[in-house]
Structures are given as structure tokens and as C-alpha cells.
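Q: I would like a close look at one part of this protein, followed outward into its surroundings. Please keep the explanation plain.

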Amino acid sequence: MISIRQALGAAFAVACLAQPSAAQVQSAEQQKCLQSTATASAKLAKARAKEYAKCLKSAAGEDLVGCSAEDCVASDASGKVGDALAKLRDISSASCRTQPDFAYRHPSLVGSVVVDETIGLFDDVLGPDLDDVAILKSEDARGAACQGKILKAATKLGLTMTSLYDACRKAAVPTVTSAEALADCLDAITADDSGKVAAAERGIDAAVAGTCAGLDMNTVLDGSCDGAPDLGDCVAERARCRACRRASSSDDLGTDCDLFDDGNADGSCTGVAGRCNGRADLCDRTFDEVAHPTTHNAYSSIEDDWFGPNQRYGLTRQLAEGITSMMLDSYEYEGGLWFCHGSCSYGGPTTIGKTSMVDGLSAIREHLLVDPESVVSIIFESYITEAQMQQAFTDAGLMPYLHEQPVGMPWPAMQQLVASGKRLIVFTDDSAASLPWHHYVWDFAWETPYSFESAEDFVCSINRGDMANSLYILNHFLTDLVGSPQLANQVNHNPLFEDRALQCQTESGRLPNFVTVDFYDIGDVFEVTDTLNGFAQCAE
């Protein structure tokens, strides 16, 4: 029987790239941007892989105190993954003042892709829930050692593949004129002229024949390679999938990774491995059983030059950093549709700020596109017609992602939303909403008041909606005409924040679903939603 490795060798042409004629290459500054961000991305992947391996080792040795293996993966206790992400953003800011005409995406989006696809390979191989799959040394020392060896070999294989793409890309950048030309560099993985991929693949076989010899690999692995007749072939296929997805998403190549991974268009490279918003342990919960970190006036940011902003960073970075729900205000102004606050013309449209609805919604689409396990929700304060709202979503390419929730029906599990691809849930305060995806928010939710001027004003009582509804909006921000970092700093930190969230949960007997803040980057909104979701933070 011809192996996948042999079939792939015959299926793909051995070529690095073809240079289109009569086209202009990128400037020296643009080339520097592409090269420097690729280097930073590679360092981020290594940092994420190293931290994951530490979590597996700690879980196997029962060294985690007060947190689980999955908590460890999510926590980045050493801060090294966060440091690498910050370095990627800093390098992009310094090197990409003149953005390339192709193969460039927002650094937060690229960082999210690199992290997700790195962990995605481990989920493919070991399984998506480290709490379930990690073998304890005290119970099966050889099984735990086998898992460690397989993870190490899979990491080397994945990093080797992406390094071959990156090397070809580096050589190509000075001459190519399109992302499509860079896509040919994926063939460097299949060609493997240096033999590095083959050597890394032999590492999988060596682990199986050595450390894992005699073990039932079905009990060692719980990912998509569970039961595979040739584990090395399977891991190599998963690594090709993840390397292709990382390159295609980061450089906007438009490559069909489902064909690239094994030569067949068989749905084997969807990117879905068993996480929901980054956590395997959220997947079995229904949407209304999850606490979602939520940004108030999400569009109004310092990054986007708003006056009196409510956030520091724009929508792309918010989503990349773990925000899963956003409050947005929609307006019509001078024939266009905009995110504005109060009025698009108040003080002059450029004084307060305005963001194109289509541009903002397109940023959400980009996030959903590169992270197929993400579930996102929007709560609109709407001053446009429903027909205009539909047009904006159509123009942004979001219609295929929209979930439809009948009033009074149970919410689906998060994994059902992910599997269906309908991963965007839209609420509106427009009582005339009638489209099946355009949900009148007060048919589904209730909220606390929101006009708080000091922490002493915080209450948990109902403002709008009906407490019989299944979704609970916990407004946790201060306003003095507008929000500010100084006000956020007063209330976004624990223990005040967590104490209030738990108090409101106790008083109502309900889980706060949308924990809504100004300046999400200040304080502890993610720790608070983790607590509400029953997760813990790991510390070194």
C-alpha cells in the first residue's frame, strides 16, 4: 500500500514559486515588515509549544496546585506566550509603518492564528481536553512518558514544516508580487529537499517503537489519530494541515488546506479539534451556561482615534485577546451605515469618531474565518432599519455565520454552534426585529442598570428585560459623561470585580452571561469570567 507520505510526494509539484511577469515587488520597508513579523511568529509558536509541554508534564506529575491541566494551558503562567505576542505586535508596529500590499494581516490576528494552530496540532494528536487525556505517572509511568515523547516529536514536526515554508517565503519576498505566489512555498514542505520533515516524521515512528512499544496507543492518544493504522502518517497529515492553515491565514494565501494535507478534498482539515472559545470544557455547555467577557461600546477605541473612547484597542485585537461578545451602536449618517456613539455628527463626525459598520463587521468575519472554534455574540443598540442591518451583514460576508434562535427554545451547546458553523449570535434593542437571526434582546435577556458613577452605586437589580429570560447582562462600568481608563481602573480589578459578579449571581440565582466592561485590558475581566465558568488560574 502506498503511504500518505509517498502519495503526497507524487501529488505535488516540487517548486518553490513561480514569479509573475510585469509586476512590482514590495519596497524594502514592506519586505522588512514581512520578514520581521514571520520571525516573531515563529518565536511565538515555539513559546506556545513549550508552555503546553510544561502543562502536560505538570499534569502527569500531579504538580498542578489549585488548577487543572486545561487551566494551565489557558493561563500562560510564565507569561512567555504573552511576551512573545507583545513582541510580535511591537515588531509589527515598528516595521510595518508602510504595510505590504499582500501577505499582511493585523498582528493580533496573526498571533491568534499562530497560537490556535499550534495548540490545534496538539489537540489533533493527544486530544482537545488535556484534563481527560493526560496520563498520570503514578498510574502509568510508561504511558505518561509515551505521551511526552509523542508531543515532543509532533512539536518538532510541526515547527519543521513551518520553518521550511518560512525559509522559502524569506527567499521569495524580494521578488514576488502576490500572496498567490507565496502560496507555492507550501510545496517546500512536501518537497522536503533537506530531508528535515522526513527526519522529524521518523521521530514519531521512533517514539512508537521505543518509549511507546507495547502500549495500546488508543489509550495514549485521544485525538483524530486515535486508531490510525500508521501513527506517523496521521501525525504528519495533521501537521501539514496545521502548517498550511497557519501560513494561509497569516499570509492570506487563500490555499485549500483540505487538499494540501493529504491530497484529498475530504474535509480532513477544517481546523476544528474540540475546543470552543479556547476551552474544551466549554463545548458541552449551552450558550446560556457560559459567561462571556463583553466590551461596552466595543468600536470606540483609542486605537481607532475615538474621542472619549470606551476601549483601548479595536475589534480585531479584542477578539484575538479573548473577548467573545461586543456591544455595538449602529447609525445611518450621510447615506452610510456606521458605528457611532450618541450621534455620528455630535461635535463633528471626526471629533467623536465613527467606524464603518461593514469594516467593523468584516473584522468579526475575519476572526470567525481564522478561528473555526470561536463563538461570538453582538448586542446592538440600533438606530437603523432592519433592512439596513441585513445589508451591512451581507456586505461584510457574515450571513453564513448567523445563528437563528427561536424565542423560548433551549439554547444549543457551544459545540453544536461550532459544528454547524453558525457561530455568530446577534441581539438588538430594535423591538421591530423580525428576521430569524436578528434577535430582540429583551425576548432573551435581562440586565442590571448601567448608569453608575462610582463603585458604591453598583447594584444587581433588574433594569430592562425579564428575569425569566435565560441570559443575564451584568453591566460593570462607570460613566462620567464618558468612560475612561481612570474610571475602569477603579472597578475592573479583583477583589471588587469578582465579589460583585458573585454577589449578583447569588442574589439572582443566575449566571451572569455577558460581563460587560470598559477598557477590558485594565483589570481582571477574564479572571472574573473564568471564575464564573468554574475555571482557575495557574501560577508558577
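Leaving aside its neighbours within four places in sequence, which residues is D123 in contact with?

A: The model shown here is predicted. D123 is found in helix α5. Once its neighbours within four places in sequence are set aside, D123 is in contact with Y52, P128, G223, A273 and R275. The relative accessible area of D123 is 2%, so D123 counts as buried, since buried means under 20%.

From here the view can widen to the empty spaces inside the model. Rolling a probe the size of a water molecule over the atoms shows where empty space is left. The structure holds two cavities of 30 Å³ or more, and helix α5, where D123 is found, supplies at least two residues to the lining of the largest cavity and gives two or more to that of the second largest.

The largest cavity contains about 210 Å³ of space. Its lining is made of 21 residues, and A38, S41, V110, S250 and D251 lie nearest its centre. Besides α5 (107–126), the helices that each supply at least two residues of this lining are α2 (28–60), α4 (80–95), α7 and α12 (231–251). Helix α12 gives the most, with five residues. Sorted by class, the lining of the largest cavity has eleven nonpolar, five polar and five charged residues.

The second largest cavity has a volume of about 140 Å³. It is lined by 15 residues, and those nearest its centre are E117, T118, L121, G158 and L159. Two or more residues of this lining come from each of α2, α5, α7 and α12. Here α7 gives the most, with five residues. By class, the lining of the second largest cavity has eight nonpolar, four polar and three charged residues.

Helix α7 also leads to the packing of nonpolar residues. In soluble globular proteins, nonpolar side chains tend to be buried together. In this model the largest nonpolar core has 78 residues, and L130, I150 and L182 have the most contacts inside it. Helix α7 (residues 141–172) provides the largest share of this core, twelve residues. I150 can serve as an example: apart from its neighbours within four places in sequence, I150 is in contact with V125, I204, A207, V208, C212, M217, L221 and L231. There is also a second, separate core of 44 residues, which includes L361, I364, V376 and C460.

The next region to look at contains strands. In a regular strand the side chains alternate between the two faces of the sheet. Strand β1 (residues 292–295) has H292 and T294 pointing one way and P293 and T295 pointing the other way, and all of these are buried. β1 pairs with strand β10 (residues 514–517) in the parallel sense over four bridges, and T294 stands opposite T516 in β10. β1 also pairs with β2 in the parallel sense, over two bridges. In that pairing T295 stands opposite M326 in β2.

Strand β2 gives a route to an open space, the second largest pocket. About 490 Å³ of space lies in this pocket. It is lined by 28 residues, and the closest to its centre are H296, M327, E381, Y450 and R464. The elements that give two or more residues to this lining are β2 (325–333), β5 (376–382) and β9 (471–475). β2 gives the most, with four residues. The lining of the second largest pocket divides into 13 nonpolar, ten polar and five charged residues.

A last residue can be set beside D123. N533 is in helix α21 (residues 525–533). N533 has 7% relative accessibility, so N533 counts as buried. Not counting residues up to four places away in sequence, N533 touches L282, R285, E289, V290 and A291. N533 and G263 are 270 residues apart in sequence, and their C-alpha atoms are 41 Å apart in space.

To return to the starting point, D123 is buried, and its contacts beyond its neighbours within four places in sequence include Y52 and R275.

Note on methods
Residues are numbered from 1 along each chain as its sequence is written. This is a predicted model: local features need pLDDT of at least 70, side-chain atom pairs count only at pLDDT 80 or more; totals for chains, interfaces and linings use all residues. Side-chain values use heavy atoms; hydrogens and water are left out. On a 1 Å grid over the protein atoms alone, a cavity is a set of points where a 1.4 Å probe fits but cannot get out, and a pocket is an open set with protein on both sides within 12 Å along at least five of seven lines; lining residues have an atom within 4 Å of a point. Grid points are joined across faces, edges and corners, and a volume is the space filled by probe spheres set on the points. Ala, Val, Leu, Ile, Met, Phe, Trp, Tyr, Cys and Pro count as nonpolar, Asp, Glu, Lys and Arg as charged, and the others, Gly among them, as polar. A nonpolar core is a set of buried Ala, Val, Leu, Ile, Met, Phe, Trp, Tyr and Cys residues joined through side-chain atoms within 4.5 Å. Buried means under 20% relative accessible area, exposed over 50%, partly exposed in between (1.4 Å probe, protein chains only). Contact means heavy atoms within 4.5 Å. Two strands pair if DSSP finds at least two bridges between them.
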